[in-house]
Amino acid sequence: MTMRRTAAAAVTAATALALLATWGGARAAGAATPAATPAATPAATPAATPASAPGTARTAAAAGECRTLAPGASAVAEKAVAAACEQIGVWYTWGGGHGPQPGPTYGQVDPSDPDSAHDPERLGFDCSGLVRYAYHRAAGGDPLPGNAHHQFHAPQVQQRFTAAQGTAPLLPGDLLAWGSGGSIHHIAIYLGAGKMVEARESGTRITVSDVRLGGDYAGAVRIAPPATAPGTFSTWGTDVWTHKEPSTTSERVHKFPGPTTVRIECQKHAEPVTAEGYTNDAWSYLPEYGAWITNIYIKGPAWLDGVRTCP
């Protein structure tokens, strides 16, 4: 998401998401056209690699900077850095990278940002689309679908770092995040030595930047090597809300615009819900979101196997 957003604009943008069929994990088929990879479409993807992008915003200095700049990262994290760095010079596009499969897509107009007017004409990534693509290339599958907020709270998070800790404990491949009020609106990949690679905002291209520790910097997370964490499931459907309590009449907490990987702590029988042709009274608790979701929107049986009953 764009870094220019004020708190008020962020609310406007969040409201606008309801107009989109899917988001950080997936766009509707007609909303974004996925490309195989930048390497497979050099004519359509600007600055995909140094060889295919002469005369773009990518400079030799920037190309040299975008690499793992410190030791200690896992092999998966190093591969994620390398995959992101291959995209230096590719356009930022709002909603880009959120097609059915990871990879660059044409973007959307962000109602809060006039600079996004040409995003539907540009093949590229937004911040979370780049992170999704980088870890797809590094780990296989699609381990980090969803927008920046979903990625910051993903089940694959192995370790968290507060804003007050700065960059001292970070390793290349860690994900840095910005946001306030419990909502994350921007995410980037740490390189080491105080540098990061990011898709920052409309009108710019993917670039290496100095880490910005001021403002609403919210901290960082480290992604675990690929594995299926206990209690990990996938949601399905579009624009699915979680709730403060296991009831559709309770306060809404967070919306999953498309399929998202979540961790379920426990489940319980509560208010019966009828949706998508199903009726079920089972609800699951998502600890990363502090919220409940009806089991109708969790892939699996009506009562999930291997998940304990909430007290």
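Let's start with R132: at 1% relative accessibility, this residue counts as buried, since buried means under 20% relative accessible area. Keep in mind as you look around that this is a predicted model.

**R132 and its partner**

What does R132 form a salt bridge with? The partner is D142, and the closest N and O atoms are 2.7 Å apart. R132 lies in helix α4 and D142 in the loop between α4 and α5 (148–152), so the pair ties together parts that are 10 residues apart in sequence. Unlike buried R132, D142 is partly exposed, with a relative accessible area of 28%.

**More charged pairs**

Side chains of opposite charge can pair when their charged atoms come close. In this model the count of salt bridges comes to eight. Here are three of them, including the one you have just met.

| Salt bridge | N to O distance |
|---|---|
| R132 and D142 | 2.7 Å |
| D174 and R222 | 2.9 Å |
| K255 and D239 | 4.0 Å |

The D174 and R222 pair links distant parts of the chain: D174 sits in the loop between β4 and β5, R222 belongs to strand β9, and 48 residues separate them. Are these two residues buried or exposed? Both D174 and R222 are buried.

For the third pair, K255 lies in strand β12 and D239 in the loop between β10 (232–234) and β11 (240–243), so parts 16 residues apart in sequence are tied together. K255 counts as buried at 14% relative accessibility, while D239 is partly exposed at 28%.

**The sheet and its helices**

Now find the open sheet, where six strands run in the order β4-β9-β5-β6-β7-β8 with antiparallel pairing. Its edge strands, β4 (157–161) and β8 (207–210), each pair on one side only. From one strand to the next, the twist averages 35 degrees.

Within this sheet, β5 (residues 175–180) and β6 (residues 183–192) pair over six bridges, and L176 stands opposite A188 in β6. Helix α3 (residues 75–85) packs on the sheet, touching β6 and β7 (195–198), and its direction makes about 100 degrees with that of β6. Helix α4 (residues 127–139), the home of R132, lies across β5, β6, β7 and β9 (217–223) at about 45 degrees to β6.

**A buried threonine**

Finally, where is T260 found? Look in the loop between β12 (252–256) and β13 (261–263). T260 counts as buried, at 3% relative accessibility. A polar atom of its side chain lies 2.9 Å from the backbone oxygen of G258. Leaving aside residues up to four places away in sequence, T260 touches H150, F233, S234, T235 and Y289.

Key
Residues numbered from 1 in each chain as written. Predicted model: local features only at pLDDT ≥ 70, side-chain atom pairs only at ≥ 80, totals over all residues. Heavy atoms only, no water. Pairing = 2+ DSSP bridges. Helix = DSSP H or I, 4+ residues; strand = E, 2+ residues; numbered from the N terminus. Axes fitted to C-alpha atoms, helices over the stretch in contact; angles between N-to-C directions. Contact = heavy atoms within 4.5 Å. Buried < 20%, exposed > 50% of the residue type's maximum accessible area, 1.4 Å probe, protein only. Polar contact = N/O pair within 3.5 Å; in protein donor to acceptor, adjacent residues only side chain to side chain. Salt bridge = Lys/Arg side-chain N within 4 Å of Asp/Glu carboxyl O.
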